[in-house]
Amino acid sequence: MKHLLSLLLALCMLLSLCSGMALAAPAEAPRVLTDEDYALTDQVWAEIRALEQELKERNATRDQRIAAVADLVRNSVNYVEGSLEMDLDNLTWNTDQGIACMYPYDKDEEADRQGKPAPILPENLENYTHVSYAKKGYPSAVDIYVLGPWYAYDNSFNDNYGVGYYREFADKLSQASGGQYFVYRNTDVTIDVIADCLEKGAMVMIDSHGTYAYKSGRYRNYLRLSTGTGITNADYNNGNVYYDGGYSHGPAYMVTGTAITNHMEKDAPNSFVWLGICSGMRYESMFKPLMERGVESCMGYSRTISFEWDRYWLSAFSAALCEGKTVAEAAAAMKSKYGKWDRNTEYSYNTYDKAVDAGKAFPIFVSKEDSYPSSVTQDEYPMDLQNYQTVKSTWRLFGQEFTVTFEDGSGKVLQSQKVTAGSSVSYTGATPTKAYDTTNHYSFSGWVTKDGKTANLSSITADTVFYASFKATAHSYKETVISAGSCTAAGVVRYTCTACSYSYDASSSAAGHKAVTDKGYAATCTTDGLTDGSHCSVCNAVLEAQNVIPATGHSTVTDKGYAPGCTTPGMTDGSHCSVCHTVIAQQTVIPPTGHTEVVTPGRPAGCLSSGLTDGITCSVCNAVIQAQQPIARLGHDYLYTDNGDGTHNGICRRCNKTQNNKPHGFDSGICTDCGATEFTAPEVDEAITLRHSLNLASDISINYAVEAALLSSYDRFYLVCDIPVYEGNTRTGTNSVEVQPVLNGNYYYFTLTGITAVQIGDMVDATLHMEQNGVSFVSKVDSYSVASYAYAQMNKSNTSKALKSLCAELLRYGAMAQTYKNYRTNDPVDLNMTLDQLLLLSDLNAVTFANNNEEKNDLSNPSVTWIGKSLDLNSKVTLKYIFNPASFSGNPADLSLRVSFLNVKGETVNYTVTGAKVYNAAQGWYTFDLDSLLAAELRSVVSAAIYNGNTRVSKTLVYSPDTYGNGKSGALLDLCKALFAYSDTAKAFFANN
């Protein structure tokens, strides 16, 4: 499980994250997510559950628990950077697989908040008698569907409370509608099954858990499923689906009405939907998309609903629908029998005000005649839903009549009748017929719809025309010869169908001649030939006469000769006939010519290149008469010069090739190349031990100390500190700093200053160098870092809490600086802090910045004017004062800056800064750098003015360094907050020490 630090440092930022921070990805077609897609996310949820248990055992506060979970999420393996969002109830984020996750802060607490709404007078019950129940809507379907997606995971969701009663109501409703009822439970209720039921059902009843969350600027309510089968990565977009894997008994998939309707291929059949879920009507995101896709009327609850009252209301409501009543009449009946809010007969909630104060649910109906009774669609508390509602919907489950017509296929009506919606119909007339044609004869095969599909006569839901369908059978003919023909005269044949007596006569073609080929033969070069001919084998008539083909004569072809070569003979031209191959002119042999020798010059050998001897070739055929032989390369002949640093340089005497910084190769202490004497490493003095400590009062520095008595025999000594150098996450070298000693009492002290915030975790290798009578000695290497000190202090049991807090804030400041400077971000200095140490940190969300930025009007016509001020966040926090001496006639170098502020003890400090620096030579801007503020004094209000000698030449400028944090954002804002949290802790520590 990844470390918890990052979010504890950045929790103050989360509430301001905008909803569009998820990283953009290339557009792709929606893809159904698989178990493999959820595998990494389920691993993260397992880590969250384990972390919750750990935090519970540690008695962590709610805010600490939220911060720790958020940190785990941000550091999880498939987290999409920048996608973390936090509202009042939930933490949400996206994964690389396209899954949007939701972590509710108070999963085990009451989700609905309680509170009394704005005063709304209850309706007069007499209003119910004035509603018009004129017929209006009927479904174009008859089947009833029951969906119970969450029963597998909650013992209270069983047949005694939920789907068992729903099945009983569905059975009665389907009998009344003339259809069937279907029940889907647990993981059978996929998002595609819900969409399919909405496309088919006259009435769809959903009994499950519901919830709500804030996303993309508004609240949405959700239906909870126990399976993600069929959910695509596109469904998770825009807050329409969330995944909560934090339940020990299985994951939950929360879907809005939009997510469901995106899986519908056609509109609902003007149907009714009962949302038996908590807060199903709390916002518009569940019912509105369903009604936009063909649902005429929808019912749900304003708040959390008890199982008992959902069942009571549904029993009375469905009984009224079975009697043919409208939704409005059924709603009035159920309220009259069981009351107008949840558990209204219990003693504690027997009045309207008590029910509202307790957050009890009211049933809410929305239809084409009932607008959503809340003017609040995005706020957290849509209190106006908690009211009596007069329902006006005239939707009925059944009762409409439809006309059914049977036609013979040619437009002739055979039968027409009226039937009630959902009833079956039958044809009682004579069997339809169709006359035969010249190709087929026909038999009746049944009834079909206009598009040719087999007719369903069992459930009529609209005005319908059925068409007679016929099976076509091709005629089967018997042939009868009426008159025969000859080779040149036609006959007559009669064709009669053996099944339907259809017949027709056809002329038979003349038999035609039966040709026999009289084979000819080809002419030759010297003899005539004959063409092919033919005659009739029946009447012997000559059909094609044979003709003589004259002799062709020879076709002469040249036999091309070729010239002789150096060693091969040639041949003269000749000729022959290409047809009969007779030789017309004979070819003769031409003798070979012999070689023409040419010398190929060789080349001498070089230092790195081989040479070649001369060779001989033929200039005509390129034959090699005498081959060239290789001459071996000579190699470099270097003259070496000692560099004095363990290497030498060389130059080749022949080609001037150089060889730089080649290490010496010693033999008996003498370099075999340049003759240099071998260097002997200084001896290590094992008695010398470096002690080290940290100075956090001003800049960040390391103090090294050595007992003076141990160094009394040495002529000279100094400390060399090797500090690593990084570019990003890559170490590129070492910066060596030489530090001179200062004697104080019995110790020599060496102070390494200039350590920047990003270097807090860098390990410094310190070595003491000593000389005695020209002989060099060194100490053992001492490896130490600022972070080493901080962790050591926090891990000691006797360290005060104030110092531990200072060390924790120092490490967080260093980690923020690493992020801002992109320096060793793969190894943040705070990575190894324990949970106890993390809890020492202050809340960055509480860090604020002052607004002390005033130029007093206390000097007329100043010769030096202020340009501005800024902070330099390097080794020391430096306050830079920028001014323009354009009207000053003297030398700006003679100017000084006088400042006044209160130190950590509350004492006034007066300080003078000399030596102005040119900040912008082109514009004539100068700066004074004030770096004397201690870490604990960074919130001190500093009064500053510029003097020429003892004469003030500028107005007084009042400023405090923490003003710099105003208006900053991103990593720089995080750095500023961490810096001043460190400063506040330092002030608390040094004020008492």
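This passage walks through a predicted protein model, from its overall make-up down to a few single residues.

Residues are numbered from 1 along each chain as its sequence is written, and side-chain values use heavy atoms, with hydrogens and water left out. Since the model is predicted, local features need pLDDT of at least 70 and side-chain atom pairs count only at pLDDT 80 or more, while totals for chains, interfaces and linings use all residues.

Let's start with confidence. pLDDT is the predictor's confidence in each residue, on a scale from 0 to 100. The protein averages a pLDDT of 84, with 89% of its residues reaching 70 or more. Two stretches do worse: pLDDT stays under 50 over residues 1-27, and again over residues 108-135. A contact here means heavy atoms within 4.5 Å. Counting contacts beyond four places in sequence, the model has 70 for residues 1-27 and 57 for residues 108-135.

Now for the overall picture. The protein has 993 residues, and 45% of them are buried; buried means under 20% relative accessible area, exposed means over 50%, and partly exposed is in between (1.4 Å probe, protein chains only). Its secondary structure comes to 14 helices and 60 strands. Both are DSSP runs numbered from the N terminus: helices are H or I with at least four residues, strands are E with at least two. Of the contacts between residues at least 6 apart in sequence, 61% join residues at least 24 apart. About 48800 Å² of the protein is exposed, and carbon and sulfur atoms supply 48% of that area; the areas come from the Shrake-Rupley method with a 1.4 Å probe, and for residues only the protein chains shown count as cover.

Next come two of the sheets. Strands of a sheet pair through backbone hydrogen bonds, either parallel or antiparallel. Two strands are taken to pair if DSSP finds at least two bridges between them. One open sheet has three strands in the order β18-β19-β20, with antiparallel pairing. Its edge strands, each pairing on one side only, are β18 (477-483) and β20 (503-508). Direction ignored, neighbouring strands of this sheet are turned by 25° against each other on average. The angles are between axes, which are lines fitted to C-alpha atoms (for helices, over the stretch in contact), and they run from 0 to 180 degrees between N-to-C directions. Six bridges link β18 with β19 (residues 491-497), and the two run antiparallel. Within the sheet, Glu-479 faces Tyr-495 of β19.

Another open sheet of three strands follows the order β36-β37-β38, and its pairing is antiparallel. Here β36 (638-642) and β38 are the edge strands, each pairing on one side only. On average, neighbouring strands of this sheet are turned by 25° against each other, direction ignored. Five bridges hold the antiparallel pairing of β36 and β37, and Asp-642 has His-648 in β37 as its bridge partner.

What about the backbone angles in loops? Most residues other than glycine have a negative phi. Asn-656 goes the other way, with a positive phi of about 65°. This residue lies in the loop between β37 (647-652) and β38 (658-663), and counts as exposed because its relative accessibility is 54%. Asn-186 also has a positive phi, near 55°. Its place is the loop between β5 (181-185) and α5 (191-200), and at 22% relative accessibility Asn-186 is partly exposed.

Two other loop residues are buried. His-263 sits between α6 (257-261) and β11 (271-276), and its 15% relative accessibility is why it counts as buried. Beyond four places in sequence, the contacts of His-263 include Ile-191, Asp-192, Ala-195 and Glu-199, as well as Gly-230 and Asp-235. Lys-340 is in the loop between α9 (327-338) and α10 (352-357), and is buried at 18% relative accessibility. Its C-alpha atom is 7.3 Å from that of Pro-363, which is 23 residues away along the chain.

Finally, the cysteines. A disulfide is a covalent bond between the sulfur atoms of two cysteines, identified here as a pair of such sulfurs within 2.5 Å. Searching the whole structure turns up zero disulfides. For Cys-500, the closest cysteine sulfur is in Cys-497, 3.6 Å away, so the distance is too far for a bond. Cys-500 is buried, at 18% relative accessibility. Cys-580 is in no disulfide either, with the nearest cysteine sulfur, in Cys-577, 3.6 Å away. At 35% relative accessibility, Cys-580 is partly exposed.
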